Amino acid sequence: MTTIHSIVPAGDKIVLKDGTLQVPNQPIIPFIEGDGTGPDIWRAAVRVFDAAVEAAYGSQRKISWMEVYAGEKAFNMGLGWLPEETVSAFSEYLVGIKGPLTTPIGGGIRSLNVALRQLLDLYVCLRPVRYFSGVPSPVKRPQDVNMAIFRENTEDIYAGIEWQADSDAAQKVIRFLQQEMGIEKLRFPDSCGIGIKPISREGSTRLVRAAIRYALKQGRKSLTLVHKGNIMKYTEGAFKTWGYEVATSEFRNDCVTARETWILDNYEQDSSLGHADIARLIDPGYDMMTADQQSEICGEVEQTLALLPSHGNGQWRNKLLIKDAIADIALQQVMTRAKEFDVIATMNLNGDYLSDALAAQVGGIGIAPGANINYDTGHAIFEATHGTAPKYANLDKVNPGSVILSGVLMLEHLGWQEAADLIINAMERTIDQKKVTYDFERLMDGATLLKCSEFATAIIGNMTT
């Protein structure tokens, strides 16, 4: 890599070989400290990362950090908001980490975060959400929350395909819809903004495939496809359909769908039942269906019973359960029935809502980690999920938990699980001791208020106690 502004440290590149990351003992990892509170939280976080790696591996492993530039810092250096040099660094070194970035005011880039995801095709936004004992929460049982959200990262309305109301472009699209496509449902076409929501088979299947692999590797119990397919049948409904297809075609021996469990369970309770008998049990309206509909349900029963050698005799109970939920119901039930959700796969907008709603249950986005990953190319950028909070900049005040936990995801991604576990356990111990930053201290009885840097110091101290 030819670099002008970044200093390449001693170390080696992470590479992808035969679909597996090859991580050297001293990997070079690019980082963006971020805008606003970014420098404060990065300085705290990097101390935690380095301490954990040293505690876990001694002198055998070390991260070589390489600063690259984006956002206000890059702009003030005269490099623009997102220099090509920075994109090239993330592309060449595969794995990086970043703090929060300012969205430029005015035209051009809609979001630096979205731009990086799209330029590197980081199609998975991974947002694990778990509760740390002692963290203030607005819900009664936050300890029930332990989920991982796989949010599709490149499609949906985040593709940014839209036209402003009253613009010539919007009117051109409206005329096409009305005159060429025969659309009559535009209520106020003369003053209508228009947006396009692309959902592709390729984008959906690679996201669900990654989610299933993660669930199986982590020993998770279920994967829920969250969608609004009852209304958007050919976009979100297609996502659900394609998701089930991936599960039942590529992971057949490892997965079972919710409907298949109903069929298998009924058969195991009474093996004398015929196909139509089981169909009546799983679809109470069976006798009111047309002959073709009944035939379809019986065909489903027959296909499922063909799985008896691999899924029968209760074997299905140990398979990864694939199910789906309508988005609005899911947003309610992740609060009221959190234990029923494990891994969630969903589209971009739904994932945005779900991840923030879940984060609120376990302490807020101040401790919500995030990762943007392309499992096919090996590229990954880990990031704080909150904003820049410029009014707190340089006050050494805010919670660095989001970027610290994003670093935990990064260490896990590298295969450095021992270092990741040290950080998780030390953070949990620190919070349990009620040694916290202001966002938690004001909500906890008897807590000790720590600065951002002091919180990092406390975590490091708890790695060895």
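## Around Asp342

Leave out the neighbours within four places in sequence, and Asp342 is in contact with Asn146, Met147, Ala148, Arg220, Lys221 and Ser222. This is a predicted model. With Arg220 there is also a polar contact, side chain to side chain, at 2.7 Å.

Asp342 is in a loop, the one that runs between helix 12 (327-336) and strand 13 (343-346). Is Asp342 buried or exposed? Its relative accessibility is 11%, so Asp342 counts as buried; the cut-off for buried is under 20%. As for sequence versus space, Ala215 is 127 residues away from Asp342 along the chain, yet the two C-alpha atoms are 8.5 Å apart.

## The sheet

Now for the sheet. There are 11 strands in it, the sheet is open, and the order is 4-3-5-15-14-6-7-13-10-12-11, with mixed pairing. Strand 4 and strand 11 (255-257) each have a single partner strand, which means that one side of each has no neighbour in the sheet. From one strand to the next, the twist averages 25°.

Two helices are worth a look here. Helix 3 packs on the sheet and touches strand 3, strand 4, strand 5 and strand 15, with its direction at about 145° to that of strand 3. Helix 4, for its part, lies across strand 5, strand 7 (146-152), strand 14 and strand 15, and runs at about 165° to strand 15.

## Strand 14 and its partners

Strand 14 covers residues 369-373, and 5 of its 5 residues are buried. In a regular strand, side chains alternate between the two faces of the sheet. Here both faces are covered: Pro369, Ala371 and Ile373 are buried on one side, and Gly370 and Asn372 are buried on the other.

Which strands does strand 14 pair with? One is strand 6 (residues 124-130), in the antiparallel sense and over 3 bridges; within that pairing, Leu126 has Ala371 as its bridge partner. The other is strand 15 (residues 380-384), also antiparallel, joined to strand 14 by 5 bridges. Pro369 stands opposite Ala384 in this pairing, and Ile373 has Ala380 as its bridge partner. Strand 14 and strand 15 make a hairpin with 6 residues between the strands, where Gly378 takes a positive phi near 90°.

## Helix 3 from the inside

Helix 3 (residues 84-93) has a set of buried residues: Glu85, Thr86, Val87, Ala89, Phe90 and Tyr93. What do the buried residues of helix 3 pack against? They pack against strand 3 (28-32), strand 4 (64-67), strand 5 (95-98), helix 4 (112-119) and strand 15. Just after the helix comes Leu94, with a positive phi of about 70°.

## Lys240

Over in helix 7 (residues 236-250) is Lys240. Its relative accessibility is 26%, so Lys240 counts as partly exposed. That class is the one between the buried and exposed cut-offs, under 20% and over 50%.

Not counting residues up to four places away in sequence, Lys240 touches Leu225, His227 and Asp324. Lys240 and Ser204 are 36 residues apart in sequence, with a C-alpha to C-alpha distance of 8.6 Å.

Note on methods:
Residues are numbered from 1 along each chain as its sequence is written. This is a predicted model: local features need pLDDT of at least 70, side-chain atom pairs count only at pLDDT 80 or more; totals for chains, interfaces and linings use all residues. Side-chain values use heavy atoms; hydrogens and water are left out. Helices (H or I, at least four residues) and strands (E, at least two) are DSSP runs, numbered from the N terminus. Buried means under 20% relative accessible area, exposed over 50%, partly exposed in between (1.4 Å probe, protein chains only). Contact means heavy atoms within 4.5 Å. A polar contact is a pair of N or O atoms within 3.5 Å; within protein, one must be able to donate a hydrogen and the other to accept it, and residues adjacent in sequence count only if both atoms are side-chain atoms. Two strands pair if DSSP finds at least two bridges between them. Axes are lines fitted to C-alpha atoms, for helices over the stretch in contact, and angles run from 0 to 180 degrees between N-to-C directions.
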